[in-house]
Amino acid sequence: MSTLTRKQAAAPSAAERRLSPPRKKPRPTMGGFAASGFLWIYAAISISPLLLMVSNSLRTTQEMASDPLGLPSALNFASYQKAWVTASFETYFINSIVVTVGSVLLSTVVSLLAAYAFSRTKSKIFGVLEAVFLSGLMLPVYLAILPLFFLLDGLGMISNLWSLVLVYGALGIPFSTFVLTSFFRQLPLELDEAARLDGAGAFATFWRVHLPLVKPAIATVVVFRFVPVWNDFFYPLILIRDQSAYTLPVGITRFFGEYQTDWATLFAGLTLATIPLVLIFLVATKQIVSGLTAGMSK
Amino acid sequence: MKTMSVITPRRRRNIGIALTKKTGLVFVLPALVLFAVFIFYPLMTALSYSFYNWTGIVRGEFASFGNYVTLFTQLPYKTQIPNAFVHNVMLFAGAMLFQNTIGLGLATLLHRLKRFKRFFQTMFTLPYLVSPLVVGYLWSLMLSPLFGPVNFVLKSVGLDALAQPWLGNPSTAIWVVVFVTAWQWVGFPVLLYGAALGGIPEEINEAASLDGASPWQRFRDVTFPMLIPAIGTVSVLTFIGAMEAFPIPYALGGSMGSPAGATDVLSLLFYRTAFESGSSNAIGTSSAIATLLFLFIFGVSIFITWFMRRAERRLY
């Protein structure tokens with residue numbers, strides 16, 4: 001991520017770009033055709049399995065057996081109903097929403113507070129804490145699952161969705177404080193001084209003056225944490241033992257065991273688990289792509 | 001963005017006086033508690049677990065390095081660890097090869113593109129956002145010997161000889177895992193390399209081209225060296241991802257790494273040892289695996305970072 005931030009700063013602004021002489025329009029060449037051919041072919045390789053997943057979820061298993069690549073003859077949502085009701089996807093889906101929203105909210109709030117302190121203090125202890133939090137970006141923390149399991153077991157929280165909210169909340173701190181701290185550091189200190197002169201305390205300054213200014217960074221953090229939490233399979237596999245508290249990924253493993261030959265329902269289940277991600281990608285393409293690729297789009 | 005970068009350098013030295021130490025600590029406290037309880041404490045404890053003998057969940061006497069010795073001298077560990085390790089290395093090598101050829105090629109072409117850029121970006125990135133478990137199960141259906149679309153396509157274009165039970169055959173199963181992992185992951189390097197390419201000033205390439213450099217020379221001597229920081233970042237993340245691989249192998253081969261351990265990886269081995277082995281010293285042995293894997297991932301990540309920094313310095 002640090003490379004990205006640097007690149008973002010180094011990217012020429014729109015005004016600068018406008019000043020550079022217009023480039024000549026390239027003539028179509030063999031190389032140009034090969035290049036766009038390559039892009040289209042890889043786009044097909046990249047997207048066709050996902051399209052096939054959606055298309056097959058609207059067909060029956062018999063249709064798939066006779067023609068694996070055929071298009072749906074009519075929009076048939078029966079498999080979705082079966083996955084949603086009979087195969088308990090409704091429960092898994094709601095659990096996943098609760099866990100994802102809860103933990104992203106938790107990690108964003110605590111990280112906002114910590115990041116504000118990191119950007120507004122000078123004492124050495126904050127430098128150390130910041131470095132400790134950052135180290136969490138590189139460490140394979142999932143390997144500490146056994147003590148975590150015993151800790152939560154001791155608290156009576158196994159198979160409790162709160163355990164996942166707390167664990168993911170903690171896991172979100174390294175990335176969230178990293179992004180938010182660098183954003184807070186860009187806000188001038190005059191803001192604090194002015195607020196202080198108006199009689200605002202430390203928290204009021206944070207809440208009323210700084211928070212509205214870091215909204216874009218909050219959006220980035222929320223979107224970037226939503227995806228890995230929604231997709232995670234490892235923690236619920238171990239911390240959730242009761243089927244009524246399964247999140248989607250664990251639910252899917254069980255579902256694949258039970259519905260092995262019912263392909264239509266399997267495809268519908270996979271599609272259901274993917275829809276929220278595609279939605280968030282379409283709504284927040286800006287946060288996802290431009291956050292990663294600032295300076296690339298021309 | 002622009003105004004801020006103008007302000008920051010002048011104000012930087014003043015920052016740090018707005019909060020007293022005490023108030024600052026109050027702000028950090030919630031995050032610190034959460035991090036300490038759910039990340040720091042389990043990590044430290046996991047390390048200590050590996051130095052004891054366990055009977056079920058009861059900690060026995062201090063075992064020194066006994067659990068580590070077990071890993072390298074006793075069955076099944078002494079055969080399963082090298083087997084799984086080789087598969088993790090294959091995942092890393094496969095992803096590196098894929099992203100630095102096809103991925104870098106796609107990013108370079110995309111960089112020059114004017115129309116459809118956003119469209120292609122979306123197409124290449126979507127698999128990266130989908131859950132790796134869903135991706136694994138989706139490919140297991142695609143490659144099914146029964147009526148999987150992949151074999152269907154091979155047969156319909158006359159390549160019947162290639163159609164086979166991809167995941168049932170031990171010699172092809174691991175390559176499926178390698179391919180699916182690389183296929184899902186490549187959107188991320190494409191985006192990152194794209195961002196890095198966007199950061200290279202156009203003037204440098206123009207100057208080189210005026211000096212008579214061919215497109216290949218320009219790529220090799222101008223563009224590529226400037227991409228090294230991005231390649232370094234992507235390499236470290238690819239390494240971590242490959243060593244931590246879990247959901248895709250789980251979806252394609254189950255927790256046993258079927259068929260016959262052909263898709264086994266270290267995280268699966270750790271999971272199996274800790275939760276499915278039924279061995280009475282499961283906690284001691286699995287904690288030793290976790291500790292070794294932890295040190296290996298952390299150590300090599302630091303080494304790659306150091307190596308890439310050195311390569312960068314040499315080039316400039």
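**Two chains, one broad look**

A search of the whole structure turns up six salt bridges over all chains. By salt bridge I mean a side-chain nitrogen of Lys or Arg within 4 Å of a carboxyl oxygen of Asp or Glu.

Some ground rules. This is a predicted model, where local features need pLDDT of at least 70 and side-chain atom pairs count only at pLDDT 80 or more, while totals for chains, interfaces and linings use all residues. Residues are numbered from 1 along each chain as its sequence is written, chains are lettered from A and ligands numbered from 1 in the order in which they are written, and side-chain values use heavy atoms, with hydrogens and water left out.

Take one salt bridge. A:Lys82 pairs with A:Asp262, and their closest N and O atoms are 2.5 Å apart. This pair links distant parts of the chain, 180 residues apart. A:Lys82 sits in helix α5 (residues 78-86) of chain A, and A:Asp262 in the loop between α15 (248-258) and α16 (263-283). Helices here are DSSP runs of H or I, at least four residues, numbered from the N terminus.

Now the interface. How many salt bridges are there between chain A and chain B? Zero. Still, 102 residues of chain A are in contact with 106 residues of chain B. Contact means heavy atoms within 4.5 Å. The buried area between the two chains is about 9,900 Å², and carbon and sulfur atoms give 81% of it. That is the accessible area (1.4 Å probe) that two parts lose on being put together, summed over both. Which helix gives the largest share of chain A's side? Helix α3 (residues 30-57) of chain A, with 13 residues. That side of chain A divides into 76 nonpolar, 15 polar and 11 charged residues. Ala, Val, Leu, Ile, Met, Phe, Trp, Tyr, Cys and Pro count as nonpolar, Asp, Glu, Lys and Arg as charged, and the others, Gly among them, as polar.

On to chain B. Helix α11 (residues 215-243) has 29 residues, but its end C-alpha atoms are only 36 Å apart. A straight helix would reach 42 Å at 1.5 Å a residue; the expected span is 1.5 Å times one less than the number of residues. In α11(B), a kink of about 45 degrees lies at B:Phe224, shortly before the proline B:Pro225. The bend is the angle between axes fitted to the seven residues ending there and the seven starting there.

Last, the loops of chain B. The peptide bond from B:Leu75 to B:Pro76 is cis, with omega near 0 degrees. B:Pro76 is in the loop between α3 (66-73) and α4 (77-112).

Conventions: Helices (H or I, at least four residues) and strands (E, at least two) are DSSP runs, numbered from the N terminus.
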